[in-house]
Amino acid sequence: MKVLVTGGTGFIGSHTIVELYAAGMDVVNVDNLSNSEAFINDRVNAITGKHSTFINADITNEDNLRNIFRNHSIDAVIHFAAFKSVNESVEKPLEYYKNNIGATITLLKIMDEFKVTQLVFSSSCTVYGQPDELPVTEDSPIKEAATPYGYTKQVCEQIIMDFAHANAGFYSVILRYFNPVGAHNSGTIGELPRGVPNNLGPYITQTAAGIREVLKIFGNDYDTPDGTCVRDFIHVCDLAKAHVAALQKLIKEKPTQSVLVYNVGTGKGNTVLEVVKAFEKATGISVNYTITGRREGDIEKIWANAAKAEKELHWKAERSLEEAMLHAWLWEKNYRNIL
Ligand code: UFG
């Protein structure tokens, strides 16, 4: 089984490649390194003891993708490659639409040309916006997207559904991720944001490492147990394993529906302050934080009902938030050469 992973040098992609090899699959990774570093591939190879094929290419270009499918006999695709910054998408909407939607369309076109019929797609709980009822199930309403980034996920989901409808024999699993945190327990791969991190996990570890002076917690006047926002934080290795489960679903059983959608979360919500406390407990390091005003566009609370994935993919999150924080810290220390 040879899996084409787009964006396999990124945070979730790299951890997924590790799990694909652990499940006995082979990998071709295409990534243009627009928001990731080539050395991550060496680290993944060191963890797996295998040598994944790495191709540095932009998949919005049809010829690039065609060459890959021509040169490798690809059985299935996991599509991660996308821009992912919520804020940046507001400033650069055209780049987000062109890259995220363009890549998905090109990929489907070339998959069709080469009769590759199995796709796992990287979506996000952002499609639910602020849900009316919690936890969210896959049938919860899709809300109007608050940002171009969120809209690209909604549109790509729809494109995949329309493509599957028009092409009998094509199957896809759409995974709606909640908030990935943590790192591989070796501490050799992890989240590697460029510049000032937007996301909570790397902001915490960089503050603990002394790279950022203070973690700003955006708002403590929400209707939540301690006033800070609630998210469903999932260890990235658990999330990575969900992709293997999704592929196995496509390979082993021909699903009854051509497109299956799953929430990939722990089923538990934690506040931002609870994440900081979990980090402190796991590492023994206290995080310098301050409460500031709300961040525009943040939703108050969301967590997953992950029962469908457990029932149908035989997958569930197993690692704790503290474990995730410990592993994220191992990675940060390793990357910064902190003893
Ligand atoms: N937060 C802080 N301080 C920071 C960073 C984050 O307080 O420095 C808070 C945010 O306000 C939010 C929580 O931590 O309440 C999580 O924020 P993240 O930026 O880590 O994650 P988001 O939930 O905003 O966004 C994530 C992904 C998106 C995805 C979205 C879906 O980054 O790609 O989940 O809800 F679309």
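These entries record what I looked up about the ligand site and the internal cavity of this structure, which is a predicted model.

**Entry 1, the ligand shell.** I began with the residues around the ligand, of which there are 19, and I noted that Asn199, Leu200, Lys216, Arg231 and Asp298 come nearest. Sorting the shell by residue character, I found nine nonpolar, five polar and five charged residues.

**Entry 2, polar atoms at the ligand.** I then looked up N and O atoms facing the ligand, and found a backbone N or O atom of Lys216 at 2.7 Å from a ligand nitrogen. For oxygen atoms of the ligand, I noted a side-chain N or O atom of Arg295 at 2.9 Å and a side-chain N or O atom of Tyr149 at 3.2 Å. The ligand taken alone exposes 680 Å², and I recorded that the protein buries 90% of that area.

**Entry 3, where the shell comes from.** I traced the shell to its elements and found that α7 (200-208) and β8 (215-218) are the ones giving two or more residues, with β8 giving the most, four residues. By domain, I noted that at least three shell residues come from each of domain 1 (2-181 + 232-264) and domain 2 (200-231 + 267-335).

**Entry 4, the cavity.** I looked next for enclosed space and found one cavity of 30 Å³ or more, the largest cavity holding about 50 Å³. Its lining includes His79, Phe80, Asn100, Phe121, Lys153 and Cys156, and the elements that give two or more residues to this lining are α5 (93-113), β5 (118-124) and α6 (148-166). I noted that α6 gives the most, with three residues, and that the lining divides into five nonpolar, five polar and one charged.

Key: Residues are numbered from 1 along each chain as its sequence is written. This is a predicted model: local features need pLDDT of at least 70, side-chain atom pairs count only at pLDDT 80 or more; totals for chains, interfaces and linings use all residues. Side-chain values use heavy atoms; hydrogens and water are left out. A residue is near a molecule or strand if one of its heavy atoms lies within 4 Å of it. A polar contact is a pair of N or O atoms within 3.5 Å; within protein, one must be able to donate a hydrogen and the other to accept it, and residues adjacent in sequence count only if both atoms are side-chain atoms. Accessible areas come from the Shrake-Rupley method with a 1.4 Å probe; for residues, only the protein chains shown count as cover. Ala, Val, Leu, Ile, Met, Phe, Trp, Tyr, Cys and Pro count as nonpolar, Asp, Glu, Lys and Arg as charged, and the others, Gly among them, as polar. Domain bounds come from an automatic or database domain assignment. On a 1 Å grid over the protein atoms alone, a cavity is a set of points where a 1.4 Å probe fits but cannot get out, and a pocket is an open set with protein on both sides within 12 Å along at least five of seven lines; lining residues have an atom within 4 Å of a point. Grid points are joined across faces, edges and corners, and a volume is the space filled by probe spheres set on the points.
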